[in-house]
Amino acid sequence: MTVMQTLPAATEDTPTRTDICSAAPRRHPRPDGQDRYTISEVAAFTGLTAHTLRWYERIGLMSHIDRSHTGQRRYTNRDLDWLDLVGKLRLTGMPVADMVRYAELVREGDHTFDERRELLETTRRDVLSRIAELRDTLAVLDRKIDFYSSERTR
């Protein structure tokens, strides 16, 4: 289950909550502070291709990825967490345009919480509808399997 985590953001004026948009914490290959991954390492870890990772960055689904002094992308544990969430959103069937919009809203700040929630609630309703359809389909399959099983014992 994906959980939206919020962490306090340190500001001089007023403390706010920052949505880090990650799934429930999972083990990272490297500890924070030593978490600089190449695109090939991230591809191996996530199962995404390097082409897909570059595309995510190009369309705005990934925020700015740091670069080494030679220009190679360097991903962090936070980037891996974001990619995990993106993978979950993809599994829901959320359109890429909505995922990009969600990423833009995250970058815009806390004042977009309501719009982010609305996007996620819409996606949740779609997922629940698909689950209902799949349950109906599963029931049909179960009836057919039972039919063929009972026919075989005659």
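**A nonpolar core and the helices around it**

In this predicted model, the largest nonpolar core is made up of 25 residues, and L53, Y75 and W82 have the most contacts inside it. Four elements each contribute two or more residues to this core: helix 1 (39–46), helix 2 (50–59), helix 3 (77–92) and helix 4 (96–108). As a general background, nonpolar side chains in soluble globular proteins tend to be buried together. A good place to start looking is L53, which touches I39, V42, A43, L48, Y75 and L83 when residues up to four places away in sequence are not counted. One of these partners, Y75, is itself among the core residues with the most contacts.

It helps to step back and view the whole chain. The protein has 5 helices and 4 strands, and from the N terminus on these elements follow the order β-β-α-α-β-β-α-α-α. Of the 154 residues in the protein, 31% are buried. Among contacts with a separation of 6 or more, 49% are between residues 24 or more positions apart.

The pairing of helix 3 with helix 4 can be followed residue by residue. The two helices pack at an angle of about 145°, and their axes lie 11 Å apart. The crossing of helix 3 past helix 4 is right-handed. On the helix 3 side, the residues involved are W82, L85, V86, L89 and R90, and they meet M99, Y102, A103 and V106 of helix 4. Sorted by class, this contact holds 8 nonpolar residues, no polar ones and 1 charged residue. W82 thus appears twice in the picture: in the contact with helix 4, and among the residues with the most contacts inside the core.

Helix 2 offers a charged residue to look at, E57. This residue is buried because its relative accessible area is 18%, and buried means under 20%. Leaving aside neighbours within four places in sequence, E57 is in contact with M62, I65, R67 and R73. Two of the partners named here, R67 and R73, are arginines, and arginine counts as charged.

Finally, helix 5 can be traced along residues 113–152. This helix has 40 residues and reaches 57 Å from its first C-alpha to its last, close to the 58 Å expected at 1.5 Å a residue. Within helix 5, R116, L119 and T123 are buried.

Definitions and conventions:
Residues are numbered from 1 along each chain as its sequence is written. This is a predicted model: local features need pLDDT of at least 70, side-chain atom pairs count only at pLDDT 80 or more; totals for chains, interfaces and linings use all residues. Side-chain values use heavy atoms; hydrogens and water are left out. The expected span of a helix is 1.5 Å times one less than its number of residues. Buried means under 20% relative accessible area, exposed over 50%, partly exposed in between (1.4 Å probe, protein chains only). A nonpolar core is a set of buried Ala, Val, Leu, Ile, Met, Phe, Trp, Tyr and Cys residues joined through side-chain atoms within 4.5 Å. Contact means heavy atoms within 4.5 Å. Axes are lines fitted to C-alpha atoms, for helices over the stretch in contact, and angles run from 0 to 180 degrees between N-to-C directions. A crossing is left-handed if the near helix is turned anticlockwise from the far one by less than a right angle, and right-handed if clockwise.
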